[in-house]
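The following exercises are to be worked through with the sequence and the model at hand. Each task is followed by its solution.

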Protein chains: 2
Amino acid sequence: METVACCTPMTREPMTAPQAERVSALLKALADPVRLQLLSLVASHEGGEACVCDLAEAFDLSQPTISHHLKVLHGSGLLERSKRGVWVYYKVADEVLNSLGKLISSAGA
Amino acid sequence: METVACCTPMTREPMTAPQAERVSALLKALADPVRLQLLSLVASHEGGEACVCDLAEAFDLSQPTISHHLKVLHGSGLLERSKRGVWVYYKVADEVLNSLGKLISSAGA
DNA sequence: GATAAATATTGACAGAGATCGATGTCCGGT
DNA sequence: ACCGGACATCGATCTCTGTCAATATTTATC
């Protein structure tokens, strides 16, 4: 899992097209209200982990829809997956989220 | 211009639906390769400002398309607009971008 | 005031994405 | 071996978004 966009604070020098492509892929994955809530639910759950059954209850959406959103988050590298028995547990990929945040807030103090 | 999502680091307790809606609106505005490059171009331009003519040259896109992207960025509060003569200058809204980044990277250290 | 240049708006279209119902897969228990 | 529950995949639909050509708006200049 490579770094988001190594050491280029986005306000120093213009991003290249490939950089922008990669970063926007991460942001697209994050830019959905349901997925934001899913991520924060996982992050704030005890142990930093949550199974799908815990998450699905919090929404008025069908199970396939939740599964779809989790797939997007996992596919982009923002959530880590681990299967234990019948349950699948998701966990926030701290480093990825962290470096993404730093990249964005590289503007002010 | 209110704060992105006041003081709730997203990993402490789950985001509410309205919070998620507001944050995702900002992220949607940012989650496009062209807009990311536009933002970084503006930020890295001398004086932290750039007029549309400076920006449009960097892309192989029509002028209305660039104008559209700038409108999205300005409409979401990520870019500030100021008209001087025939030219329109854009400038990064540091605080907005900053607080958004902090919100995201509130995961790790 | 007419003209030219810089930027914005409008209308149309194609591609992407969110959602659902139905179905499939995998695992644990009886 | 069968059954039930947890989660994923598939196919369809509907909405949203990026892009362009054409046109409008604003402003400086002659």
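**Exercise 1. Describe the surface near DNA strand C by residue class, and state which residues and elements form it.**

Step 1. The surface near DNA strand C consists of 11 nonpolar, seven polar and five charged residues. The model in which these residues are counted is a predicted one.

Step 2. There are 23 residues around DNA strand C, and those that come nearest are Thr65(A), His69(A), Gln63(B), Arg81(B) and Tyr90(B).

Step 3. Next, the residues are assigned to elements. Chain A supplies at least two residues through α4 (63-75), and in chain B each of α3 (52-56), α4 (63-75) and β3 (87-92) does so.

**Exercise 2. Determine which part of DNA strand C faces the protein, and list backbone atoms of the protein that approach its phosphates.**

Step 1. Consider the atoms of DNA strand C within 4 Å of the protein: 73% belong to sugar or phosphate, and the rest to bases.

Step 2. In chain A, a polar backbone atom of Ser62(A) is 2.9 Å from a phosphate oxygen of this strand.

Step 3. In chain B, the corresponding distance is 3.0 Å for a polar backbone atom of Cys53(B). For a backbone N or O atom of Val52(B), the distance to a phosphate oxygen of DNA strand C is 3.5 Å.

**Exercise 3. Carry out the analysis for DNA strand D, with attention to side chains.**

Step 1. DNA strand D is surrounded by 23 residues, the closest being Ser67(A), Arg81(A), Arg35(B), Thr65(B) and His69(B). Of the atoms of DNA strand D that come within 4 Å of the protein, 76% are accounted for by sugar and phosphate.

Step 2. Three side chains are then examined in turn. An N or O atom in the side chain of His69(B) is 2.3 Å from a phosphate oxygen of DNA strand D. For a polar side-chain atom of Arg35(B) the distance is 2.7 Å, and for one of Tyr90(A) it is 2.8 Å.

Step 3. Two or more residues of this surface come from each of α3 (52-56), α4 and β3 (87-92) of chain A, and from α4 of chain B.

Step 4. By class, the surface near DNA strand D divides into 11 nonpolar, seven polar and five charged residues.

**Exercise 4. Establish how chain B is related to chain A.**

Step 1. Two copies of a chain are related by a rotation about an axis and a shift along it. Both quantities are therefore needed.

Step 2. Chain B is superposed on chain A by a rotation of 180° with a shift of 0.0 Å along the axis, at an RMSD of 0.0 Å. This is the relation of a two-fold axis.

Step 3. The residue of chain B closest to the rotation axis is Gly101(B), whose C-alpha is 2.1 Å away.

**Exercise 5. Characterise the interface of chain B and chain A.**

Step 1. The contact comprises 35 residues from chain B and 36 residues from chain A. Because 100% of the interface residues of chain B are also interface residues in chain A, the copies meet through the same surface.

Step 2. About 2,900 Å² is buried between the two chains, and carbon and sulfur atoms give 69% of this area. In chain B, the residues that lose the most area to chain A are Met10(B), Leu36(B) and Ile104(B), together 18% of what that side buries.

Step 3. Zero salt bridges are found across this interface, while four residue pairs are in polar contact.

Step 4. On the side of chain B that touches chain A, α1 (17-30), α2 (33-44) and α5 (94-104) each supply at least two residues. That side has 18 nonpolar, 10 polar and seven charged residues.

**Exercise 6. Identify a salt bridge and explain which parts of the chain it joins.**

Step 1. Over all chains, the structure holds four salt bridges. One of them pairs the side chains of Arg84(A) and Glu49(A), at 3.0 Å from N to O.

Step 2. Arg84(A) lies in strand β2 (residues 79-84) and Glu49(A) in strand β1 (residues 49-51) of chain A, so the pair ties together parts that are 35 residues apart in sequence.

Conventions. Residues are numbered from 1 along each chain as its sequence is written. Chains are lettered from A and ligands numbered from 1 in the order in which they are written. This is a predicted model: local features need pLDDT of at least 70, side-chain atom pairs count only at pLDDT 80 or more; totals for chains, interfaces and linings use all residues. Side-chain values use heavy atoms; hydrogens and water are left out. A residue is near a molecule or strand if one of its heavy atoms lies within 4 Å of it. A polar contact is a pair of N or O atoms within 3.5 Å; within protein, one must be able to donate a hydrogen and the other to accept it, and residues adjacent in sequence count only if both atoms are side-chain atoms. Helices (H or I, at least four residues) and strands (E, at least two) are DSSP runs, numbered from the N terminus. Ala, Val, Leu, Ile, Met, Phe, Trp, Tyr, Cys and Pro count as nonpolar, Asp, Glu, Lys and Arg as charged, and the others, Gly among them, as polar. Copies are superposed by least squares on the C-alpha atoms of residues with pLDDT of at least 70 in both. Contact means heavy atoms within 4.5 Å. Buried area is the accessible area (1.4 Å probe) that two parts lose on being put together, summed over both.
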